[in-house]
2 protein chains.
Amino acid sequence: MVQRRPSPSSFAVAVLLLLVAVPVAVSAQQATNVQADVAVHFLINGEQRVPAVSIKDDVTIVAEVNNNGMDALNGNLIIWVGTEAAPTLELNASKHISVEPGKMTEVEFKWTPAKSTTKDAPYKIRANVSGVEVHVTTDKGKAEVFVGEGATESKLILIVPIASILGLLFAIGMAMWVLRQKGGSAKMQEVSDAIREGADAFLKRQYSTIFALTAILAVVILAVVGVTVDIATGGRIAGAFVFGAVCSGIAGYVGMYVSVRANIKVAQASREDANRALTIAMRGGAVTGFIVVAMSLLGVSGLYYLYGYGTDPRLTPFLIVGFGFGASFVALFAQLGGGIFTKAADVGADLVGKVEAGIPEDDPRNAAVIADLVGDNVGDCAGRGADLFESTAAENIGAMILGVALYPYFGVNGIMFPLVARSFGLFATMVGIMLVKLRGEEDPLKAMNRGYYVTAVLAAMFFGVATYFMLGDNWFNFFLAGLVGIIASLFILLITLYYTDRDYRPVQDIAKASQTGAGTNIITGFSVGLECTALPAILLAIALIVSFKLGSLTGLPNGGLYGTAMATMGMLSTAAYILAMDTFGPITDNAGGINEMSGDAPKEAEKITSRLDAIGNTTKALTKGYAVGSAGLAAFLLFSAYLDEVTKYTGTVFSVIDIAKVEVFVGALMGAMLVYLFSGFAIRAVGKTASTIISEVRRQFKEIPGIMEGTAKPDYAKCVDITTTGALKNMVVPGVLAVAVPIATGLIVKYAYGDASGSPGAEAVAALMMVGTIAGVMLANLMNNGGGAWDNAKKFIEEGNYGGKKSEAHKAAVVGDTVGDPFKDTAGPSLHVLIKMLATVTLVFVVLYI
Amino acid sequence: MVQRRPSPSSFAVAVLLLLVAVPVAVSAQQATNVQADVAVHFLINGEQRVPAVSIKDDVTIVAEVNNNGMDALNGNLIIWVGTEAAPTLELNASKHISVEPGKMTEVEFKWTPAKSTTKDAPYKIRANVSGVEVHVTTDKGKAEVFVGEGATESKLILIVPIASILGLLFAIGMAMWVLRQKGGSAKMQEVSDAIREGADAFLKRQYSTIFALTAILAVVILAVVGVTVDIATGGRIAGAFVFGAVCSGIAGYVGMYVSVRANIKVAQASREDANRALTIAMRGGAVTGFIVVAMSLLGVSGLYYLYGYGTDPRLTPFLIVGFGFGASFVALFAQLGGGIFTKAADVGADLVGKVEAGIPEDDPRNAAVIADLVGDNVGDCAGRGADLFESTAAENIGAMILGVALYPYFGVNGIMFPLVARSFGLFATMVGIMLVKLRGEEDPLKAMNRGYYVTAVLAAMFFGVATYFMLGDNWFNFFLAGLVGIIASLFILLITLYYTDRDYRPVQDIAKASQTGAGTNIITGFSVGLECTALPAILLAIALIVSFKLGSLTGLPNGGLYGTAMATMGMLSTAAYILAMDTFGPITDNAGGINEMSGDAPKEAEKITSRLDAIGNTTKALTKGYAVGSAGLAAFLLFSAYLDEVTKYTGTVFSVIDIAKVEVFVGALMGAMLVYLFSGFAIRAVGKTASTIISEVRRQFKEIPGIMEGTAKPDYAKCVDITTTGALKNMVVPGVLAVAVPIATGLIVKYAYGDASGSPGAEAVAALMMVGTIAGVMLANLMNNGGGAWDNAKKFIEEGNYGGKKSEAHKAAVVGDTVGDPFKDTAGPSLHVLIKMLATVTLVFVVLYI
């Protein structure tokens, strides 16, 4: 132990005092030699928290007095809380303490900040032991606590259930309108039925696999959280997980249900009226968009009231995380399985049909053609529906958790704001969708863009209204941050358009390179894919920095992060419209297929569906750019939610993810590794499944005589069956990997660094999530845009450039398109889901590695 | 301001004292109310440093006393330094201070730790103001300073100049031996001369571009460092930069000089004696290996003594950083330019020759064939020579900077250890190289592997010797950490072999997929590329964690980081051997080309060169795996050097890179972005240049009659010239980007976050470097191994599998090989350089954004 060495002056005092009054002198002596510090923790409504309190809170201050000196401390501990400006003290309480040297004691003080005169301000905390002021720390480091008034609950919150229900009604109305449209001829009906049956069969088998996995994981969650926290919490999180999984499944199913029925209506309408064909396809797509957004709102807000009733509203969002994880989990498998199915069928059908047999796309003589058309539905509709459901759910929940940190300023408003913003976005989208109509002979894309711009402008205005009424004095900065998100989403669409549209340099370059063969086509396409990742990354960087700055200029603690959340909310406010555009693609693709296969469509109708199909390709590329952009922007929001969650569980502020530490760097490396390995498996699955399809089609050509002459019908169902089996078998490994790698990394680092301070496991997992997100955003952009560019380069040549169809350039371009297929429709979209699942899986299992 | 509120007890004392002696009472009153803290900084030999001192140091303790109270502080400040165990105090000095409330004063104490009785231990620091103990912080956070004895300089350091000179002599000896070998026939000589002339012409033009850029950058460095630090430091760093650039250029030139002369000797030997052909090729390669490693040792140690003479040895490594940057800068352009040249020529020649005209590889009727053979030399020899020179230089310097942090324990030994370990590795390699001889009819690869294993075992033993004599009591842990590196390098070679060799599943899969066309070949190859990144990443993670643990178990501060440095040193101890294997490739490739083009080679000779060429392909793939692995492992070492550099310049400890901060996350995003964009440009350059070559060869076929019949000679020089122009034009943008992006990110973040505490610019750049490294390692592995696998799948088919040459599967495999070419020989290797240059460019320009 350290020597106590009294200073000369205090020694002189002590000698003098001895002459006068010994007992008093001893007390003075003690006072002079106080060597202590005080660590202050805040219990707010019974939960340990970061020091920020609302005036409505019931606060206990736990002061941990450490005696660092050589003597016993016997005296009074005074805790003082107040602003520098206000002379009236908030708290000035004293309790007697007695601490042995080198020991610690805990003293509790009650504090009712309701008496506070100055609100929305930082209060200093000081402590005084036996008359000597001592060093104070809080969980936030600084000896400070923020006292906020906590806004009263805004009436606007009521819009959430209203919008959800109206959204659902709107979707049902749209669906009924679409189903009421005229069906097609018997031949068309036959094709459409075959597609529907194949899709239903696949979904049935896929869902039984997925829900078996879901059940297993639900039990794991219940066990893990039940043991480490308590069984009630475990039950709630596991329950939310199952609920999220079921909702995600429904979202996927409904999307497909409408789309496999809308396809024939569009095909029929294309024979009568171009405008009507566009409207049916768009409204059919809108059903998915509205179902997804409305169900996500209903699910999240329903759970919020169910789990939150009568408790602290700040605890509930953490319980809802399970909902997001359930949604992501199902979406991952739905997108992977659907993505493998659609592209294996497409690649297989193209290679054996177009390249080997020399028959056109969607030719009824190709045994894999129905599997290809089924794939469009199960991959693009069912898969994407589940994907976008989990996106909206995860982002809603992440933003709500950020709102918790701002509770002292905004009260429940801060938590519910994300849902309110989303509800307004739904109204904006209703208007936009209804406006999609052709004006005269204009290009259908123009009409769709018009609808989008109207939606974006309305969403921006509504966003302003929501911030103004819910976020108090700082509304304007947050409104601007939201605008940053809306503007960023517009730019992302423009960047994606530049890289994937035939009118610009990248696609032109690829088409030109096709003249020298498949090798240069692939090299050029791949270089476009690599290059196209740059601008979105820079845009994301700018959006993050500007929205963070706008938020932090409010001066609120965590205001910067809430600014980035606002940008995310802004970007997502048009999500339902984007979703509608996305589902538009497979409906028109199918309509074209039905026209082609039925063999009775007039040339004019084929031209219309072909143009709509081309637009569908463009919108699909755009929505993928948007999905990656929003995933990147939302990532920051989900990181922060994770940090808050770890803070809540460990009771110490967890806010630094230091990648200069070896174990954290290793976590980051594992994040990038997971993204690459996952993509590798996804793409390989397509290659493997496609090979089996090719062999099957070849077998049928050989063994069933008369197929090529059109006198015998190929066995379509067999191809659908083979594809289904291949897709389901190959989706399990990458899916399980995505769940297992973060958990394993967290556990290994936790036990390898058990002696380190902080939560090394949780920190490594955070780095995994962050760098995994960066790697995922880059790779997803590469794959989506590269794939889109290859596809459109092929289309450009098919329009008669560089020799047109059947030329050497065209053959090269077909190879590029084939390579691009699993990039843009299997690995790319699965990566969107992976990025967000990284955040929810780490949130749910956080108790394992803290 | 805060109210002063004396405690009741001290108030009572004050009243009592008033009755006795007023002046004394005032002094006691002051003592009771001291509210101050002391921040202690260490000036060691005049430089502000992290608190760790050697007993030989001349130390000044600067105590910054902050008066946090309401009264003026008038009294004594006592600073006390000592261990808890030792009763004798190291320092117990007192000075009078007077500080106004809210103000600060600085007091300096001299300290001579040579008196110390306990060494290699942490000492506590306490401060006492007017008799009251106050809170102390140091630059390291904890109130602690480490006092070490500092080992005496080991005699082993002398091995560095000896090994450098012996290494150079060995290289000269090898070169002379190779040049003494028998030349070939006049026809062979003609081809060889054409290659040499083309290579010389390219290098001449390339070097004039590179050195113009170097001169510009040298002036920029001089100006930036001259203005922000001082002109002498700027001059030294700029001088080191130019020196490094020149050495890197020489390394590239020498590698090529020998290789363009060894090729004909190997071709001639292949007609006489297989064993002799192998030995010539291996020794020709060894010249590059030894020149590179010896020159790097000579350059770094020479600068160390030149810049370090008479000053603190701890300052010198920071000045040498310029050397590493110069080396990287030249290597980046050399590798990029050479890589674009070689692959544009290769792709162009293959597409127009093999695919279009249907003539074999290296057929003299192909106008691009000489350009192709020139490319092997300028890309693989000159480019790789410069690349590996910068690797060894950057890693030596990074490890030396880490050694600086351990100066109190190891003295100069810790700084010089990396050079000593490398010197020992050179001796081990000499033995290994001399052992490469065929035993009977065995496969040449076996002989090469035998040489490698001998080198590795010897290197491990020598490493043990070096640690034992230089690193004191902790030698064993550091030895084990070094072994981790050596073992990791073996595993990396095995993993690379698995993914690129024809005997294993990945290459077999690609070959099999070729049957269904180029599309499935590319998809499968790309999925192999994605998948193959996982195992090296996991291996790297394990090596980092284990070596860090081994280092930190020594208990030395920074011991963990030094452990990772040891692993890097271990991995690099066989670098010269790996380099020799790498340069072996282009020599044998050229020998095969000469045999083919001369038209007078017996079948037997062609078989030998063909087998040697295949082995060269394998060793080239292996060495690339090794280069990426060592870059990843060394990255951590260079990060730490960067953190130390920032600490040194700012005077506050800079050790946390918190990617949970928006601006740091943005830096990380920019790192990944740079890697993708850079690769995109590099690959596009190959595509663009290849197109111009294809047009030229087509033109020659058309305009020069008699080429196809062999009656007229194509204009080879024209193709070389076109390729040269294309490569040089296209290397500038990506190269400049690699320098500009880190600097721009640092500057932008610095000014956008000018008000934040710490060094936001430097932190964002650190994240850029770290995540850029992760992204670079992943993408480089994808490209190198993917490319290698495609190449070998093609070779596998050419051996007669799946229909052999001219089959549809072969055509598909040729497309895959064409795509793989720029992956594995342009973008991949350039990424190795980029990763390391990220570290050196940020180190040199750190003064800009701190």
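In this predicted model, the salt bridges number 44 over all chains. Side chains of opposite charge can pair when their charged atoms come close. Three of these pairs are described here.

One salt bridge joins the side chains of A:Arg502 and A:Glu799, with an N to O distance of 2.1 Å. A:Arg502 sits in the loop between helix 12 (475-500) and helix 13 (505-513) of chain A. A:Glu799 sits in the loop between helix 21 (760-798) and helix 22 (808-844) of chain A. The pair therefore ties together parts that are 297 residues apart in sequence. A:Arg502 has a relative accessible area of 31%. Because that value falls between the limits of 20% and 50%, A:Arg502 is classed as partly exposed.

A second pair lies within one helix. A:Asp791 forms a salt bridge with A:Lys795, and their closest N and O atoms are 3.3 Å apart. Both residues belong to helix 21 of chain A. They are 4 residues apart, about one turn of the helix. The two partners differ in burial class: A:Asp791 counts as buried at 6% relative accessibility, whereas A:Lys795 counts as partly exposed at 21%.

The third pair is in chain B. The side chains of B:Glu703 and B:Arg699 meet in a salt bridge at 2.7 Å, N to O. Both residues are in helix 19 (residues 662-703) of chain B. Being 4 residues apart there, B:Glu703 and B:Arg699 are separated by about one helical turn. B:Glu703 is exposed, with a relative accessible area of 51%. B:Arg699 is partly exposed, at 31%. In chain A, salt bridges that share partners build one network. Its members are A:Lys343, A:Asp346, A:Lys624, A:Asp791, A:Lys795, A:Asp821, A:Lys824 and A:Asp825. The A:Asp791 and A:Lys795 pair described above thus belongs to this network.

The relation between the two chains was examined next. A turn of 180° and a shift of 0.0 Å along the axis lay chain B on chain A, with an RMSD of 0.1 Å. The two copies are thus related as by a two-fold rotation axis. In chain B, the C-alpha nearest this axis belongs to B:Asp658, at a distance of 2.2 Å. Of the interface residues of chain B, 98% are also interface residues in chain A, so the copies meet through the same surface.

A nonpolar patch was found on the surface. A:Leu158, A:Ile162, A:Ile165, A:Leu166, A:Leu169, A:Ile172, A:Met176 and A:Leu298 form the patch. Together these residues have about 730 Å² of accessible area. Helix 3 (residues 159-180) of chain A gives the most to the patch, with 6 residues. A:Leu298 comes from helix 6 (residues 274-308) of chain A. The relative accessible area of A:Leu298 is 35%, which makes this residue partly exposed. Because patch residues need over 30% relative accessible area, A:Leu298 meets that requirement at 35%.

Two buried residues in helices illustrate interior packing. A:Gln206 is found in helix 4 (residues 186-228) of chain A. A:Gln206 is buried, with a relative accessible area of 1%. A polar atom of the A:Gln206 side chain lies 3.5 Å from the backbone oxygen of A:Ala334. Beyond neighbours within four places in sequence, A:Gln206 is in contact with A:Phe333, A:Ala334, A:Gly337, A:Gly338, A:Leu728 and A:Met731.

B:Phe463 lies in helix 11 (residues 444-470) of chain B. B:Phe463 is buried, with a relative accessible area of 3%. Apart from neighbours within four places in sequence, contacts of B:Phe463 include B:Phe417, B:Ala421, B:Phe478 and B:Phe479. B:Gly482, B:Met566, B:Met569 and B:Gly570 are also among the contacts of B:Phe463. The C-alpha atoms of B:Phe463 and B:Gly425 are separated by 8.0 Å. These two residues are 38 residues apart along the chain.

An exposed loop residue was also examined. B:Asp503 is in the loop between helix 12 (475-500) and helix 13 (505-513) of chain B. B:Asp503 is exposed, with a relative accessible area of 53%. The C-alpha atoms of B:Asp503 and B:Asn792 are separated by 9.8 Å, although the two are 289 residues apart along the chain.

How values were computed:
Residues numbered from 1 in each chain as written. Chains lettered and ligands numbered in written order. Predicted model: local features only at pLDDT ≥ 70, side-chain atom pairs only at ≥ 80, totals over all residues. Heavy atoms only, no water. Patch = residues over 30% accessible without salt bridge, like charges linked within 9 Å, V, L, I, M, F, W, Y side chains within 5 Å. Areas by Shrake-Rupley, 256 points an atom, 1.4 Å probe, with all protein chains shown as cover. Salt bridge = Lys/Arg side-chain N within 4 Å of Asp/Glu carboxyl O. Buried < 20%, exposed > 50% of the residue type's maximum accessible area, 1.4 Å probe, protein only. Least-squares fit on C-alpha atoms with pLDDT ≥ 70 in both. Contact = heavy atoms within 4.5 Å. Polar contact = N/O pair within 3.5 Å; in protein donor to acceptor, adjacent residues only side chain to side chain.
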